[in-house]
Amino acid sequence: MRFFAYLPNSRVLPYQVLQIRTQATSSIANTLKVQKKIVETREKALLGGGQSRIDAQHKKGKITARERINLLLDPGTFQEYDIFMEHTCTDFDMAKEKYSGDSVVTGHGKIYGRTAFVFSQDFTVFGGSLSSVHAKKIVKIMEQAMLVGAPVIGLNDSGGARIQEGVESLAGYADIFQ
């Protein structure tokens with residue numbers, strides 16, 4: 001009953017204490033479950049289209065989007081934006097194939113101590129093709145860069161517009177080049 005000592009005039013029955021403890025335990029368990037899911041999703045997102053596609057890039061003598069960013073920016077300075085975003089296309093069975101981060105890695109970091117915003121298209125995810133979500137991520141860092149007067153660096157490795165999205169992906173190009 002000490003748990004409820006701050007309520008001097010209240011009468012807490014033993015079953016209510018048990019109910020509150022059960023709810024707290026359930027809430028903690030749910031929080032831990034969500035945290036685990038976030039870690040798993042982040043780990044999967046860091047692999048882009050998966051290890052087999054990364055290996056295929058390396059076999060061609062190419063490096064991945066994240067590897068390009070790591071080479072460009074000062075070590076440990078990259079802050080990624082929107083790692084959990086996924087495309088919204090449902091046509092052509094696209095809803096069955098989703099990757100966190102879609103097909104572009106975006107964020108900011110430092111180059112010789114100076115802030116720079118960067119996007120790097122990820123060929124391991126749909127050939128780095130531009131979707132409406134991909135475009136939104138690029139536009140977001142462009143806007144953030146303008147706010148602080150920092151440059152934007154784009155590292156392109158793309159097959160162009162994502163044909164499955166049709167006009168929406170083309171509109172994404174319009175948003176970027178506006």
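Guide: A salt bridge is a side-chain nitrogen of Lys or Arg within 4 Å of a carboxyl oxygen of Asp or Glu. The structure discussed here is a predicted model.

Visitor: Why is the contact between Asp 82 and Lys 140 called a salt bridge?

Guide: The N to O distance between the side chains of Asp 82 and Lys 140 is 3.2 Å. The cut-off is 4 Å, so the pair qualifies. Asp 82 belongs to the loop between β1 and β2, and Lys 140 to helix α4 (residues 132–148), so the bridge ties together parts that are 58 residues apart in sequence.

Visitor: What makes Asp 82 and Lys 140 partly exposed?

Guide: The class covers values that are neither under 20% nor over 50% relative accessible area. Asp 82 has 22% and Lys 140 has 32%, so both residues are placed in that class. A further set of salt bridges shares partners and joins Lys 62, Arg 68 and Asp 157 into one network.

Visitor: How many salt bridges does the structure hold?

Guide: There are 5. One of them joins Arg 66 and Glu 80, whose closest N and O atoms are 2.7 Å apart. Arg 66 lies in helix α3 (residues 65–72) and Glu 80 in strand β1 (residues 79–81), so this pair ties together parts that are 14 residues apart in sequence.

Visitor: Why is Arg 66 classed as buried, and why is Glu 80 classed as partly exposed?

Guide: Arg 66 has a relative accessible area of 18%, and the limit for a buried residue is under 20%, so Arg 66 is buried. Glu 80, with 26%, is above that limit and not over 50%, so Glu 80 is partly exposed.

Visitor: What makes the pair of Glu 40 and Lys 36 a salt bridge, and where do the two residues lie?

Guide: The N to O distance is 3.9 Å, which is within 4 Å, so the criterion is met. Both residues lie in helix α1, 4 residues apart, about one turn of the helix. Glu 40 is partly exposed at 41%, whereas Lys 36, at 56%, passes the 50% limit and is therefore exposed.

Visitor: Which residues make the nonpolar surface patch, and why can Val 34 be counted in it?

Guide: The patch, of about 240 Å², is made by Val 34, Ile 38 and Phe 84. Val 34, in helix α1 (residues 14–45), has a relative accessible area of 42%. Patch residues need over 30%, so Val 34 meets this condition.

Visitor: What makes strand β3 largely enclosed?

Guide: In β3, 6 of the 8 residues are buried, so the strand is largely enclosed by the rest of the structure. Gln 121, in β3 (residues 114–121), has a relative accessible area of 6%, which is under 20%, so Gln 121 is buried.

Visitor: Why may β3 be said to pair with β2 and with β4?

Guide: Pairing requires at least two bridges. β2 and β3 are joined by 8 bridges in the antiparallel sense, and β3 and β4 (residues 152–155) by 4 bridges in the parallel sense, so both cases satisfy the requirement. Val 104 stands opposite Gln 121 of β3, while Ser 120 has Leu 155 of β4 as its bridge partner. The hairpin of β2 and β3 has 2 residues between the strands, and Tyr 112 there takes a positive phi near 50 degrees.

Visitor: What makes the approach of Gln 121 to Asp 157 a polar contact?

Guide: A polar atom of the Gln 121 side chain lies 3.2 Å from the backbone nitrogen of Asp 157, and this distance is within the 3.5 Å limit, so the distance condition is fulfilled. Beyond its neighbours within four places in sequence, Gln 121 is in contact with several residues, among them Arg 68, His 134 and Asp 157.

Visitor: Why is Gly 127 called buried?

Guide: Its value is 19%, under the 20% limit, so Gly 127 is buried. Gly 127 lies in the loop between β3 and α4. Its C-alpha is 7.8 Å from that of Asp 157, a residue 30 places away in sequence. Not counting residues up to four places away in sequence, Gly 127 touches Asp 122, Asp 157, Ser 158 and Gly 159.

Visitor: How many helices and strands does the protein have, and what share of its residues is buried?

Guide: The protein has 5 helices and 4 strands, in the order α-α-α-β-β-β-α-β-α from the N terminus. Of its 178 residues, 35% count as buried.

Note on methods: Residues are numbered from 1 along each chain as its sequence is written. This is a predicted model: local features need pLDDT of at least 70, side-chain atom pairs count only at pLDDT 80 or more; totals for chains, interfaces and linings use all residues. Side-chain values use heavy atoms; hydrogens and water are left out. Patches are made of residues with over 30% relative accessible area and no salt bridge: like charges are joined within 9 Å, nonpolar side chains (Val, Leu, Ile, Met, Phe, Trp, Tyr) within 5 Å. Accessible areas come from the Shrake-Rupley method with a 1.4 Å probe; for residues, only the protein chains shown count as cover. Buried means under 20% relative accessible area, exposed over 50%, partly exposed in between (1.4 Å probe, protein chains only). A polar contact is a pair of N or O atoms within 3.5 Å; within protein, one must be able to donate a hydrogen and the other to accept it, and residues adjacent in sequence count only if both atoms are side-chain atoms. Contact means heavy atoms within 4.5 Å.
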